[in-house]
Structures are given as C-alpha cells and as structure tokens.
Amino acid sequence: MKFLTTLICLFIVVSAIAQQQERKKIKPAFTSINQMGLLHGEAGAHYDLRTINGVSIGKWTVGLGLGIDNYAGRSVPVFIEGRKEFGKKNNLPFLYAGAGLNHTWLTTDQKRQKGGEYSTTPGMYVDAGIGVKLNTKSKTAVVLSTGFSYKQSKETVVPPVWFTPWPMPGNPDGSPEKLNSQYRRIVVRLGIQI
C-alpha cells in the first residue's frame with residue numbers, strides 16, 4: 001500500500017512539473033492583425049479596412065477591433081474578435097468570430113442626400129468566418145479569410161417642412177423618420193498579422 005501511495009504521489013509531482021514546463025512554452029504575446037477586405041451584398045461591392053490588436057496564447061487570439069466599413073454608407077465598427085488556429089504547420093487554418101457596435105460616420109455628401117437634420121445611434125456589428133494564416137520566416141504572417149458580415153445602421157432624419165399642394169417624399173409634416181437598415185454581406189479579406 002505504501003508503494004502504491006508513493007507511486008501516486010510521484011505521478012502527481014511529475015505531472016505538475018510537466019504542466020509547469022508546458023505553461024512556460026505557451027506565453028501570452030501581443031498580436032496585431034491588419035486587413036483590407038471586399039464586402040459584397042445587395043448594395044453591391046464595397047471595401048473595408050480594419051485592425052485587431054490583442055493577445056495570442058497558443059492557438060487562441062483575442063483582441064479589440066476597429067474598422068472603416070464603406071458598405072452602403074461609411075461607418076466605424078468597434079468590436080471584440082476571437083480566433084482559433086488548428087494544426088502545427090506553417091499554413092494554419094483558423095475560425096474567427098467577432099461582435100460589437102457599428103457607429104455610422106457618413107460623409108458630407110451622404111448626409112446631404114438624407115436631407116434635413118440627421119442623427120444616429122450605434123447599431124449591431126457581427127463578423128464570422130474561416131481563413132488561413134500563412135507563416136513566414138519572420139514573425140509576420142499573411143492572413144487570408146472569407147466569411148459573413150452583418151452591420152446595422154440606425155438613423156433619425158427630421159426633414160424640412162414643405163407647404164405644397166402635392167405630396168412630398170418622406171414625412172411632409174416634419175415628424176422624424178426613423179431608419180433601421182440591416183446589411184448582410186459576404187466578405188473576403190487579406191492582411192498581415194504581427
């Protein structure tokens with residue numbers, strides 16, 4: 001019985017030492033992913049730019065992202081994204097998913113097209129897909145991904161009051177017009193990861 005208890009204690013100590021050595025191999029590291037993409041949906045094809053900065057631990061990466069999305073009106077998505085890599089070779093497939101808020105940031109011409117007084121509230125932003133990370137000899141990797149992206153744009157437009165004998169577009173009585181636009185798109189992105 002003493003031999004069995006000693007053997008179990010020895011096994012526990014060896015396992016603990018092995019786990020500590022394993023943890024030493026996997027250290028958290030800062031990572032930055034910078035991408036440009038092509039978004040395609042009902043409103044046609046448009047581009048986006050984004051950067052995700054965070055921490056990589058082993059095959060997992062989590063970061064805070066910020067972008068410029070020009071699909072059907074310029075906006076700035078702010079989101080959290082997670083990635084999981086698979087395999088042990090130089091070309092690592094991965095899955096990614098992110099969610100956050102989409103802040104509308106229209107150009108002067110886009111605001112002029114809305115007419116009247118204009119205000120926005122943040123909408124929802126979701127992005128998910130698959131990709132491949134192509135490691136190079138340096139610490140930089142090329143990242144290629146494809147997936148699905150969704151953005152919501154919430155706007156309130158107070159049109160000018162028109163006194164005409166015929167009906168005008170929008171709300172001629174001057175009451176606010178609330179717009180809740182939802183955009184679903186397919187996305188292909190290319191970027192680098194440091």
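Here, buried means under 20% relative accessible area, exposed means over 50%, and partly exposed is anything in between (1.4 Å probe, protein chains only). This is a predicted model, in which local features need pLDDT of at least 70 and side-chain atom pairs count only at pLDDT 80 or more, while totals for chains, interfaces and linings use all residues. Residues are numbered from 1 along each chain as its sequence is written, and side-chain values use heavy atoms, with hydrogens and water left out.

**View 1. The whole chain, with two helices and nine strands.** Reading from the N terminus, the order is α-β-β-β-β-β-α-β-β-β-β. Helices (H or I, at least four residues) and strands (E, at least two) are DSSP runs, numbered from the N terminus. The chain has 194 residues, and 31% of them count as buried. About 12,500 Å² is exposed, with carbon and sulfur atoms supplying 67% of that; the areas come from the Shrake-Rupley method with a 1.4 Å probe, and for residues only the protein chains shown count as cover. A contact means heavy atoms within 4.5 Å. Among contacts with a separation of 6 or more, 60% are between residues 24 or more positions apart.

**View 2. A buried pair, Lys133 and Glu85.** These two form a salt bridge, with the closest N and O atoms 3.1 Å apart. Lys133 sits in strand E7 (residues 123-135) and Glu85 in strand E4 (residues 75-85), so the pair ties together parts that are 48 residues apart in sequence. To count as a salt bridge, a side-chain nitrogen of Lys or Arg has to be within 4 Å of a carboxyl oxygen of Asp or Glu. As a rule, side chains of opposite charge can pair when their charged atoms come close. A search of the whole structure turns up eight salt bridges.

**View 3. Arg185 and Asp69, another salt bridge.** Here the closest N and O atoms are 2.7 Å apart. The partners come from distant parts of the chain: Arg185 belongs to strand E9 and Asp69 to strand E3 (residues 60-69), 116 residues apart. Both Arg185 and Asp69 are buried.

**View 4. A salt-bridge network that includes Arg83 and Glu81.** The linked residues are Asp48, Arg50, Glu81, Arg83, Asp127 and Arg189. Zoom in on Arg83 and Glu81, whose side chains meet at 2.9 Å, N to O. Arg83 is buried because its relative accessible area is 5%, and Glu81 counts as buried at 2%.

**View 5. The largest nonpolar core.** Seven residues make it up: Leu39, Tyr71, Phe94, Tyr96, Val143, Tyr183 and Val187. Strands E5 (91-104) and E9 (177-193) each supply at least two of its residues. A nonpolar core is a set of buried Ala, Val, Leu, Ile, Met, Phe, Trp, Tyr and Cys residues joined through side-chain atoms within 4.5 Å. Focus on Val187 and, leaving aside neighbours within four places in sequence, you'll find it in contact with Leu38, Leu39, Tyr96, Asp127, Ser145, Thr146, Gly147, Phe148 and Ser149.

**View 6. Ser153 and its surroundings in strand E8 (residues 141-158).** Ser153 is buried, with a relative accessible area of 5%. Its side chain makes a polar contact with the side chain of Thr104 at 3.1 Å. That term covers a pair of N or O atoms within 3.5 Å; within protein, one must be able to donate a hydrogen and the other to accept it, and residues adjacent in sequence count only if both atoms are side-chain atoms. Not counting residues up to four places away in sequence, Ser153 touches Thr104, Leu179, Asn180, Ser181 and Tyr183.

**View 7. Val126 beside Gly98.** Val126 is found in strand E7 and is partly exposed, at 26% relative accessible area. From C-alpha to C-alpha, Val126 and Gly98 are 5.8 Å apart in space, yet 28 residues apart in sequence. Once residues up to four places away in sequence are set aside, Val126 touches Gly98, Ala99, Phe148, Ser149 and Tyr150.

**View 8. A nonpolar patch on the surface.** Met36, Tyr47, Leu49, Ile68 and Trp105 form this patch, with about 510 Å² of accessible area together. Patches are made of residues with over 30% relative accessible area and no salt bridge; like charges are joined within 9 Å, and nonpolar side chains (Val, Leu, Ile, Met, Phe, Trp, Tyr) within 5 Å. Leu49 lies in strand E2 (residues 44-57) and counts as partly exposed, at 39% relative accessibility.
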